[in-house]
Amino acid sequence: MDSARLMKIIADRVHLDPKNVFGMVWGEHGSGSVIPWHLVQVAGQGLDDYCVSNGLPLFDKEALLEDVKQAGLAIFKRKLNTNHGIAASVFRLIRAINIDEHSVLPVGVLMRGEYGISNIVLNVPR
């Protein structure tokens, strides 16, 4: 969900459809989230390169990460739940598995030695 929120926030600010933005939020959901900035792309270009080539201000990456972290809280405050986002994320995963689309998606998994990390659930590419 955090990755979808990241792409939506970026897309809104650069006035593009979120399908033209790629990025992932890794780590723990919420306060332990990190964004691997080298993976964030807009229309096939790195985030900063896209902004420079289109005369847009560069993103404050710390503020953007904080916006992503706060997005779920803002939704919850308005709707008193975040079930739509959860349902959309689950649907996305089911579709990827059901039609065997060979997608790489950030998914919360119990780490068992990957990246030297064990016994904690983190969002990582799967």
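The following exercises, each with a worked solution, concern a predicted model of a protein chain.

**Exercise 1. Overall make-up**

Determine how many helices and strands the chain has, and in which pattern they follow one another.

Solution. Begin with the count: the chain contains four helices and seven strands. Next, read along the sequence, where the pattern is α-β-β-β-β-β-α-α-α-β-β. Turn then to burial: 29% of the 126 residues count as buried. The accessible surface of the chain is about 8000 Å², and carbon and sulfur atoms contribute 58% of this surface. Finally, consider the contacts with a separation of 6 or more: 38% of these are made by residues 24 or more positions apart.

**Exercise 2. The open sheet**

State the order of the strands in the three-stranded open sheet, and identify its edge strands.

Solution. The order in the sheet is β1-β4-β5, with antiparallel pairing. The strands that pair on one side only are β1 (21-22) and β5 (45-46), and these are therefore the edge strands. Look next at the pairing of β1 with β4 (residues 41-42): two bridges join these antiparallel strands. One residue pair can be named here, since V21 has V42 in β4 as its bridge partner.

**Exercise 3. The hairpin of β6 and β7**

Describe how β6 and β7 are joined, and find the residue with a positive phi in their hairpin.

Solution. Strand β6 covers residues 106-112 and strand β7 covers residues 118-125. The two run antiparallel and are joined by six bridges. Within this pairing, V109 of the chain is placed opposite L122 in β7. Five residues lie between the strands of the hairpin, and G113 adopts a positive phi near 105°.

**Exercise 4. The setting of S33**

Decide whether S33 is buried or exposed, and list its contacts beyond four places in sequence.

Solution. First locate the residue: S33 belongs to strand β3 (residues 33-34). The relative accessibility of S33 is 5%. Buried means under 20% relative accessible area, so S33 counts as buried. Once neighbours within four places in sequence are set aside, S33 contacts D2, V25, W26, E28, L65 and K69.

**Exercise 5. A nonpolar surface patch**

Identify the residues that form a nonpolar patch on the surface, and classify the exposure of I86.

Solution. The patch consists of I86, V90 and I94, whose accessible area together is about 250 Å². Of these residues, I86 is located in helix α4 (residues 83-98). The relative accessible area of I86 is 42%. This value lies between the limits of 20% and 50%, so I86 is partly exposed.

Conventions
Residues are numbered from 1 along each chain as its sequence is written. This is a predicted model: local features need pLDDT of at least 70, side-chain atom pairs count only at pLDDT 80 or more; totals for chains, interfaces and linings use all residues. Side-chain values use heavy atoms; hydrogens and water are left out. Patches are made of residues with over 30% relative accessible area and no salt bridge: like charges are joined within 9 Å, nonpolar side chains (Val, Leu, Ile, Met, Phe, Trp, Tyr) within 5 Å. Accessible areas come from the Shrake-Rupley method with a 1.4 Å probe; for residues, only the protein chains shown count as cover. A salt bridge is a side-chain nitrogen of Lys or Arg within 4 Å of a carboxyl oxygen of Asp or Glu. Buried means under 20% relative accessible area, exposed over 50%, partly exposed in between (1.4 Å probe, protein chains only). Contact means heavy atoms within 4.5 Å.
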